[in-house]
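Visitor: Hey, got a minute to walk me through this one? I'd like to start with the aromatics.
Guide: Sure, let's pull it up.

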Amino acid sequence: GIMFCVRKFLVSSALTMTHRWFGMLRYSFLPSVLCGLLGVGASCLVDRYFYGFWAVPFLGSFHFNVIQGNGALYGTHPFYWYIVAGLPAISGILLPFFCHECINILSAF
């Protein structure tokens, strides 16, 4: 009696969740794939326009880093490099605002 009902509940809830998951997958996965293909296609067209020939730069990066094994060249800086050169390079003009906010947050304590 009770074991049969628990097992029936578990099987039916698993089937329901699987059905819902595949439904969500259909509505979220396919648009993501289409947008990804659209982005890669647009990137290839822009590269064709500016380089004058068909080029796929991210495949060149993959070839350099993975196939040729040159990925070990990255990350060879000393630990303080990320603060001295890395952070200013990626933050650009926003670095003074970032420093100001850090000072404000630290002074609140």
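Guide: Start at F79, which counts as exposed at 71% relative accessibility. Keep in mind that this is a predicted model.

Visitor: And Y80, what's its relative accessible area?
Guide: Y80 comes out at 46%, so it is partly exposed.

Visitor: How many aromatic pairs are there?
Guide: The count is four aromatic pairs. F79 and Y80 make an edge-to-face pair, because their ring planes sit at 85 degrees, with the centres 5.5 Å apart.

Visitor: Why does that angle make it edge-to-face?
Guide: Because planes over 60 degrees apart count as edge-to-face, provided the centres lie within 6.5 Å.

Visitor: Switching to cysteines. How many disulfides?
Guide: Zero. For C99, the nearest cysteine sulfur is that of C102, 6.3 Å away. Seen from C102, the nearest is that of C99, and C102 is in no disulfide either. A disulfide needs the two sulfur atoms within 2.5 Å, so this pair doesn't qualify.

Visitor: Are those two buried or exposed?
Guide: In between: C99 is partly exposed at 36% relative accessible area, and C102 is partly exposed too, at 30%.

Visitor: New topic: which residues form the nonpolar patch on the surface?
Guide: V40, V56, F58, L59, F62, V66 and I67. Together they have about 630 Å² of accessible area.

Visitor: Which helix gives the most to it?
Guide: Helix α2, residues 57–67, with five residues. L59 is found in that helix.

Methods
Residues are numbered from 1 along each chain as its sequence is written. This is a predicted model: local features need pLDDT of at least 70, side-chain atom pairs count only at pLDDT 80 or more; totals for chains, interfaces and linings use all residues. Side-chain values use heavy atoms; hydrogens and water are left out. Rings of Phe, Tyr and Trp (its six-membered ring) pair if their centres lie within 6.5 Å; planes under 30 degrees apart count as stacked, over 60 as edge-to-face and the rest as tilted. Buried means under 20% relative accessible area, exposed over 50%, partly exposed in between (1.4 Å probe, protein chains only). Patches are made of residues with over 30% relative accessible area and no salt bridge: like charges are joined within 9 Å, nonpolar side chains (Val, Leu, Ile, Met, Phe, Trp, Tyr) within 5 Å. Accessible areas come from the Shrake-Rupley method with a 1.4 Å probe; for residues, only the protein chains shown count as cover. A salt bridge is a side-chain nitrogen of Lys or Arg within 4 Å of a carboxyl oxygen of Asp or Glu. Helices (H or I, at least four residues) and strands (E, at least two) are DSSP runs, numbered from the N terminus.
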